[in-house]
Amino acid sequence: MKFIKSSLATWATLLTAAMAAFPSINDVSPDNVVYISSESVYCMIFPKYPHMDIGASENPGNTQTLCTYPYNATLQGTIPQGFFRSVAFAKGVGITGQPYVQLTGCIVPQLVDRLNPADSGGQYDSNGGVTLQGNPIGSQCLGYASYVELIEPGGPRACIRCCIDPVDCPVTLDTSGCPTVIPGNYFDCAY
Ligand SMILES: *[C@@H]1O[C@H](CO)[C@@H](O)[C@H](O)[C@H]1NC(C)=O
């Protein structure tokens, strides 16, 4: 319990700091955000409905934010512990010297009923999509200017990176897979 309490305290502190530093995120609905604090405290975009391929969810109204520690229980769902079977949290400095943060690893897609374990997967981001306003439209990473997220249930693999400089979060490589879009540690789920 001690661990959980300190994680929640960290989460609240960081969220408050992020909101103070980036007032615009107050305008983002809690169901349309991603967040990376640590390997166990994070939010990601998922399909909104059960057993939906990521590709099928890439339409308005078909996505929702899920968090390991939801901060808005009405609008956000819960990512169960163990969703990432193996996960690497990493911070880096990108092409123009700006920081980014990321999670990479192997997932257990069966733990989230919205996923189809055989789905080859797809991408969510803040700067791509038909209108370049993101997919889902208007989605943001708390504290960062941009993000790119791939869920590949068939991998079974997932990855997410939040960037200050959008150039470090490329959105045009979505069919290339996690290791190309977000280089990092993929443990034994790499292929
Ligand atoms: C959840 O978010 C909505 C929309 O921003 C807000 O109206 C509501 O008060 C929030 N609920 C909680 C419990 O924070």
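## Overall architecture

From the N terminus on, the elements of the protein follow the order α-β-β-α-β-β-β-β-β-β-β-β-α, which comes to 3 helices and 10 strands. The model described here is a predicted one.

Of the 191 residues in the protein, 42% are buried. Among the contacts with a separation of 6 or more, 60% are made by residues that stand 24 or more positions apart.

## The open sheet

An open sheet of mixed pairing is formed by 5 strands, arranged in the order 4-3-2-1-8. Its edges are held by strand 4 (77-78) and strand 8 (140-141), and because each of these has a single partner strand, one side of each is left without a neighbour in the sheet.

Within this sheet, strand 1 (residues 33-36) and strand 2 (residues 42-47) are paired in the antiparallel sense over 2 bridges, and Ile36 has Tyr42 in strand 2 as its bridge partner.

## The hairpin of strands 5 and 6

Strand 5 (residues 84-93) pairs with strand 6 (residues 99-107), again in the antiparallel sense, and this pairing extends over 9 bridges. One of the bridge partners is Leu103 in strand 6, which is matched with Phe89. The hairpin has 5 residues between the strands, and Gly97 takes a positive phi near 90 degrees there.

## The nonpolar core

The largest nonpolar core holds 42 residues, and the members that touch the most others are Val34, Tyr35, Cys43, Met44, Tyr147, Cys159 and Cys162. At least two residues of this core are supplied by each of strand 1, strand 2, strand 3, strand 5, strand 6, strand 9 (146-152), strand 10 (157-163) and helix 3 (178-181). In soluble globular proteins, nonpolar side chains tend to be buried together.

Cys43 gives a closer view of these contacts: leaving aside residues up to four places away in sequence, Cys43 touches Val33, Val34, Tyr35, Thr65, Leu66, Cys67 and Gln76.

## Surroundings of the ligand

The ligand is surrounded by Ser29, Pro30, Asn72, Ala73, Thr74 and Leu75. By residue type, this shell divides into 3 nonpolar and 3 polar residues, with no charged residue in it.

## Loops and unusual backbone geometry

Two cis peptide bonds can be described in the loops. One runs from Asn135 to Pro136, with omega near 5 degrees, and Pro136 is found in the loop between strand 7 (122-125) and strand 8. Another joins Gly155 and Pro156 with omega about -10 degrees, and here Pro156 is in the loop between strand 9 and strand 10.

Positive phi values also occur in residues other than glycine. Leu132 has phi near 60 degrees and is placed in the loop between strand 7 and strand 8; because 12 C-beta neighbours lie inside 10 Å, Leu132 counts as exposed. For Phe187, phi is near 50 degrees, and this residue belongs to the segment after helix 3; Phe187 has 15 C-beta neighbours inside 10 Å and therefore counts as partly exposed.

Gly61 lies in the loop between helix 2 (54-57) and strand 3 (63-67), and because Gly61 has 9 C-beta neighbours inside 10 Å, this glycine counts as exposed. The C-alpha atoms of Gly61 and Ile137 are separated by 9.7 Å, although the two residues stand 76 residues apart along the chain.

Methods: Residues numbered from 1 in each chain as written. Predicted model: local features only at pLDDT ≥ 70, side-chain atom pairs only at ≥ 80, totals over all residues. Helix = DSSP H or I, 4+ residues; strand = E, 2+ residues; numbered from the N terminus. Buried ≥ 20, exposed ≤ 12 C-beta atoms within 10 Å, placed from the backbone. Contact = placed C-beta atoms within 7 Å. Pairing = 2+ DSSP bridges. Near = placed C-beta within 6 Å. Nonpolar A, V, L, I, M, F, W, Y, C, P; charged D, E, K, R; others polar. Core = buried A, V, L, I, M, F, W, Y, C linked by C-beta atoms within 7 Å.
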